[in-house]
Amino acid sequence: MTAPLDPRLPVVVGVAAAGPDDGGDDALDLMAVAAEKAAADASCAALLPALDLVLCPRGSWPSTDPAGALARRFGAAGARTVVAELGILQTTLLSRAAAAVAAGEADVVLVSGGEARRRAPRHPPAPASPAAGPDGPDELLAPTGRIISAEEIGAGLVNAPSHYALLENARRAALGISREAHLAAIAELWCRFSAVAAGNPRAAFGSPWTAVELRSEGGDNRMIAFPYRKWEVSQWNVDQAAALLVCSVEAARAHGVAPDRWVFPHAVAESDHMVPVTERPALHRSPGFSLAGRAALEAAGTTVDELDLLDLYSCFPVAVSIQAAELGIPLDGQLTVTGGMTFGGGPLNNYVLQAAVEMCGRLRGGDGRLGLQTAISGMVTKQGVAVWGSEPPARGCRLVDVTADVAARVTPHPVVSDGAGPATVSTYTVMYGRPDPERAVVLAAQPGGVRALAVSTDPEVMSAMADDDWLGRRVTLDGRGGFTA
């Protein structure tokens, strides 16, 4: 006989995405459309006015309290509101929702986020208004620690492509493969992601790309930061929103939501330990994903081999490669349910919710019993792993924090910006404008193991670095943050 379900067990009862064909002027409108569609997906419009808690990740839009604005729009003005700033794992919103339900603090929860950057030129964002919640949400989740170090900022490493490019070339150094073989592998991986997007009607860019096309200049495929071209990085100029409605089992039954709509969060494991990219002991590794993945799978009582669906956070190819290695997942399998953040679309601070909608829909549709999705904040800085199931979790919904374990394993390696004398390039990138190279950056090892960041804007150096392999190359640091070949 099947054991009765815990009445406080959290369950996702409605999921939906909104896109460019949906009405409204801004991201908040798209989020509202997604929430309404999620209620329709659950066949229960009464869920929205019954909201006890609304959680939203901060986007690029001006609203100070999107969660409060959504609650008021749906007649749930008394709902508690939470907004997560950039730098908070998106899985944290899912775990917060599950924890509130399990603890009896909420019966009906909405998690929603989105962007409307493609329609922004037609509809410039308005300043925050009283309707957007001038007093802010009931709770604001903000990160602590450093995503980018002062030395990295000084070297011009202020955006995600530059950091991920350093990680990508560091991975090539660790693998010991040639520059050409590495470029081909990146393109082949993203070619497979584009093929998934081509079969996803909700993908932002559903036209498939070949590996040859991804390595070429065509289709505005300009270089962003070596080795990445435009269509090998996340695309955030999209009109996309997502919404998930989470209830307790007893609330789902009370609202008459049919059990065939239910999907269960089995486990979420996260690490909030933050180490800037260039200070990591091994740039091609992520102990946080190893520990979070193991913790999530153990909490869910399963293994990688028993997973039916995967969605690895896919802002850049190296992020996928690092996660796959740390989680013990073959890199040649199907690693996305959306097509990833380049082709499926990467709305700022919201992709995980878009992927969760797709994951839940496919689990409910019979594509599998278990699915695993991951989240990244920063530059593989924080790590989140969630396990979903079409059946109730035997161990209940379990939430695990591995931050302390990760901190015990990761000791930052000091980096200087004023290194002088000979050094050996450990990793590097060339950063581009439109379309010319603007800056070459190396992370180099000096005698004795001291790490140094250095920059060159010499056209000859930038051209040589773009054309040749500089891993292991000897350079001379000038003591002022520059280098010569």
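Which residues line the largest cavity? I opened the notebook with that. The model is predicted, and I kept this in mind for each entry.

**Entry 1: the cavity**

I searched for enclosed space and found 1 cavity of 30 Å³ or more. The largest cavity holds about 40 Å³ of space. Its lining consists of Val12, Leu94, Ala97, Ala98, Val246, Pro265 and Trp388. I then asked which element gives the most to this lining. Helix H3 does, with 3 residues. Two of the lining residues, Pro265 and Trp388, turned up again in Entry 4. There, Trp388 in S12 is the bridge partner of Pro265.

**Entry 2: the six-stranded sheet**

I traced the strand order next. An open sheet of 6 strands runs S1-S8-S4-S2-S3-S5, with mixed pairing. Strand S1 (10–18) and strand S5 (139–141) are the edges, and each pairs on one side only. On average, neighbouring strands here are turned by 15 degrees against each other, direction ignored.

I checked two pairs in this sheet. S1 and S8 run antiparallel and are joined by 8 bridges. Val15 stands opposite Leu244 in S8. Strand S2 (residues 53–57) and strand S3 (residues 80–84) run parallel, with 5 bridges between them. Pro57 has Ala84 in S3 as its bridge partner.

Is the edge strand S1 largely enclosed or largely open? I counted buried residues. S1 is largely enclosed by the rest of the structure, because 9 of its 9 residues are buried.

**Entry 3: helices on that sheet**

I looked at what lies across the strands. Helix H1 (residues 27–41) lies across S1, S2, strand S4 (108–116) and strand S8 (239–248). Its direction is at about 130 degrees to S1. Helix H3 (residues 90–102) lies across S1, S2, S3, S4, S5 and S8. H3 runs at about 170 degrees to S2.

**Entry 4: the five-stranded sheet**

I found another open sheet, of 5 strands, in the order S10-S11-S12-S9-S13 with mixed pairing. Strand S10 (309–311) and strand S13 (398–401) are its edges, each pairing on one side only. Neighbouring strands in this sheet are turned by 10 degrees against each other on average, direction ignored. H3 packs on this sheet too, touching S9, S11, S12 and S13. The direction of H3 makes about 125 degrees with that of S9. So I have H3 listed in contact with strands of both sheets.

I then followed one pair. Strand S9 (residues 264–271) and strand S12 (residues 382–389) pair over 7 bridges in the antiparallel sense. Pro265 and Trp388 form one of the partnerships between them.

**Entry 5: helix H10**

How many of the residues of helix H10 are buried? I counted 10 of the 11 in H10 (residues 317–327), so the helix is largely enclosed by the rest of the structure. The buried residues include Pro317, Val318, Gln323, Glu326 and Leu327. I listed the cover as well. Helix H5 (160–175), helix H6 (179–198), strand S7 (228–229), helix H9 (287–300) and strand S11 (370–377) are among the elements over these buried residues. After H10 comes Gly328, with a positive phi near 75 degrees.

**Entry 6: Asn169**

I picked a polar residue in H5, Asn169. Is Asn169 buried or exposed? Asn169 is buried, because its relative accessible area is 0%. I set aside neighbours within four places in sequence and listed its contacts: Phe226, Pro227, Thr427, Tyr428, Thr429 and Leu471.

**Entry 7: the largest pocket**

I sized the largest pocket at about 1,100 Å³. Its lining has 43 residues, and Ala160, Pro161, Trp236, Phe316 and Leu348 lie nearest its centre. H5, strand S6 (223–225), S11, strand S15 (420–432) and strand S16 (437–445) each supply at least two lining residues. H5 gives the largest share, 4 residues.

**Entry 8: cysteines**

How many disulfides does the structure hold? I found 0. I checked two cysteines for the reason. The sulfur of Cys247 has its closest cysteine sulfur in Cys44, and at 7.8 Å that is too far for a bond. Cys315 has its closest cysteine sulfur in Cys191, and at 19 Å that is also too far. Cys247 counts as buried because its relative accessibility is 0%. Cys315 counts as buried at 6%.

Technical notes
Residues are numbered from 1 along each chain as its sequence is written. This is a predicted model: local features need pLDDT of at least 70, side-chain atom pairs count only at pLDDT 80 or more; totals for chains, interfaces and linings use all residues. Side-chain values use heavy atoms; hydrogens and water are left out. A disulfide is a pair of cysteine sulfur atoms within 2.5 Å. Buried means under 20% relative accessible area, exposed over 50%, partly exposed in between (1.4 Å probe, protein chains only). Contact means heavy atoms within 4.5 Å. Two strands pair if DSSP finds at least two bridges between them. Axes are lines fitted to C-alpha atoms, for helices over the stretch in contact, and angles run from 0 to 180 degrees between N-to-C directions. On a 1 Å grid over the protein atoms alone, a cavity is a set of points where a 1.4 Å probe fits but cannot get out, and a pocket is an open set with protein on both sides within 12 Å along at least five of seven lines; lining residues have an atom within 4 Å of a point. Grid points are joined across faces, edges and corners, and a volume is the space filled by probe spheres set on the points.
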